[in-house]
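User: I am new to this structure and would like to go through it in questions and answers. Please keep the answers short and give the reasoning.

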Amino acid sequence: MPKRSKAPAERNIIRLKNKNSGLKISFLFPNLQSSIFNLLIVLCLSSCGQPKPVNIQPFPVASSLIAVNHIDTIKNRYYQPAGIAFDYEGTLCVVDSGNSGIAYRGIGWRFGWQIGEFDHPMDVAFSNLRLYIADSGNNRIQRYDLANQIFSVIAGEKTDKSQNSLELYSPQGVATDLHGDVYIVDTWNNRILKTDILGNLLLEIGGLNRFNKPQGIMVDKAGNIYVCDTGNNRICKLDFSGIQTNCWGSEGEGKGQFQNPTSISQDKNGNLYVVDQGNRRIQAFNPNGVYLGEFGQDELKEPYDIAIDNEDHAYITDMSSSNVEVYKIILPK
């Protein structure tokens, strides 16, 4: 008598039911060795409470990243949002680039060239009680002191169009490190500048033979500098002194390839997330540039920047739709 084939082991099947929609979904993971993996996904998805169908992107080969789930869309607040960041309290700050404004604590729309006004700003970064703004159209970096609510120019053109010692040409990225130093992406001068809080130059990296229209930048806790070398469709990793230690990527649509990478961020496990704008996706890598997976193709049209909060939510600005898409990153415990 022929033997019947056995059904997959019940311990490798996850069944989910959304309370609002009644949607039932089953996930089969035949190669999982740990029930903890299953439990984490169940807990995350069941806590989302969204009425729409679950949209989860698993990362089965990555030990440091389990999955990413789209959970929300923030609409009708911005026009062509660009940079995005969180302050020391976890408050969201969005560069409302199309309106030449900053959506944060009442700063609002301020088109112009005076101090405290903007012309198509593109990025923001926090350092304690200081907010730095890449005021791209005005070729400068402005600092906003949260305590006294005063703006000042630390690099680039001043109100009278004169220059300080750091002449900038459409800076589109800004970041800070744990020491409070500022990193400026001087995009059309193809260089990265590191300054102190007053704008005194500490380090210059780049030139046309090094970068090609870079945009995004991030500094990790160890002082490593990650640059989105946008025109060369690659990510460059530098040490604290500016020496290149790694570089990955090329033009294309494949895994680890890019079409106009614009921003990079990092989660608490060290995973890197690169906004691959031209391919309408987010690619995930380990700190050494090893590809882990990708997500966002179903929601993103023209993604620009990404910021991750303390609860592992990734907020991604989309300049074409003028939305901010929100994802839940599921990390192993």
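User: How many disulfides does a search of the whole structure find?

Analyst: The model is a predicted one. A disulfide calls for two cysteine sulfur atoms within 2.5 Å. Searching the whole structure on that basis gives a count of 0 disulfides.

User: Which cysteine has the sulfur nearest to that of C228, and how far away is it?

Analyst: C228 is in no disulfide. The residue is buried, at 0% relative accessibility. Its nearest cysteine sulfur is 9.5 Å away and belongs to C236.

User: And what is the distance from C236 to its nearest cysteine sulfur?

Analyst: C236 is likewise buried, with 0% relative accessibility. The nearest cysteine sulfur to it is that of C247, and C236 is in no disulfide. The cut-off for a disulfide is 2.5 Å, and the distance here is 3.1 Å.

User: In what order do the strands of the sheet containing β13 stand?

Analyst: This is an open sheet of 4 strands with antiparallel pairing. β13 (173-176) and β16 are at its edges with a single partner strand each, so each has one side without a neighbour in the sheet. Neighbouring strands are turned against each other by 15° on average, direction ignored. The order is β13-β14-β15-β16.

User: Which residue of β15 is the bridge partner of I184?

Analyst: β14 covers residues 182-186, and its pairing with β15 is antiparallel, over 5 bridges. I184 has its bridge partner in β15, and that partner is L193.

User: Which residues does D186 touch, leaving out those up to four places away in sequence?

Analyst: D186 is part of strand β14. With 0% relative accessibility, D186 counts as buried. Its contacts beyond four places in sequence are E167, L168, Y169, P171, R191 and L193.

User: Which residue in the turn between β15 and β16 has a positive phi?

Analyst: β15 (residues 191-195) and β16 (residues 201-206) run antiparallel and are joined by 5 bridges. One bridge pairs T195 with L201 in β16. The two strands form a hairpin with 5 residues between them, and the turn residue with a positive phi, of about 95°, is G199.

User: Which strands stand at the edges of the sheet that contains β6?

Analyst: The strands of this open sheet come in the order β5-β6-β7-β8, and the pairing is antiparallel. An edge strand here pairs on one side only, and that applies to β5 and β8 (108-109).

User: Which residue of β8 stands opposite I102?

Analyst: β7 takes in residues 101-103, and 2 bridges join it to β8 in antiparallel fashion. Opposite I102, in β8, stands G108.

User: How far apart in space are R77 and D96, C-alpha to C-alpha?

Analyst: R77 sits in the loop between β4 (67-74) and β5 (81-86). R77 is exposed, at 57% relative accessibility. R77 and D96 are 19 residues apart in sequence, and their C-alpha distance is 8.7 Å.

User: How many salt bridges are there?

Analyst: Side chains of opposite charge can pair when their charged atoms come close. The cut-off used is 4 Å, from a side-chain nitrogen of Lys or Arg to a carboxyl oxygen of Asp or Glu. Under this rule the count is 10 salt bridges.

User: Is D135, which forms a salt bridge with R140, buried or exposed?

Analyst: The closest N and O atoms of D135 and R140 are 2.8 Å apart. R140 has a relative accessible area of 1% and is buried. The relative accessible area of D135 is 0%, so D135 is buried.

User: What does R234 count as in terms of accessibility, given its salt bridge with D229?

Analyst: In this salt bridge the closest N and O atoms are 2.8 Å apart. D229 has 0% relative accessibility and counts as buried. R234 has 22% relative accessibility, so R234 counts as partly exposed.

User: How many residues apart in sequence are the parts tied together by D312 and K268?

Analyst: D312 and K268 form a salt bridge with their closest N and O atoms 3.5 Å apart. D312 lies in the loop between β25 (303-308) and β26 (313-318), and K268 in the loop between β21 (261-266) and β22 (272-276). D312 is buried at 12% relative accessibility, whereas K268 is exposed at 58%. The pair therefore ties together parts whose separation in sequence is 44 residues.

Terms used. Residues numbered from 1 in each chain as written. Predicted model: local features only at pLDDT ≥ 70, side-chain atom pairs only at ≥ 80, totals over all residues. Heavy atoms only, no water. Pairing = 2+ DSSP bridges. Buried < 20%, exposed > 50% of the residue type's maximum accessible area, 1.4 Å probe, protein only. Axes fitted to C-alpha atoms, helices over the stretch in contact; angles between N-to-C directions. Contact = heavy atoms within 4.5 Å.
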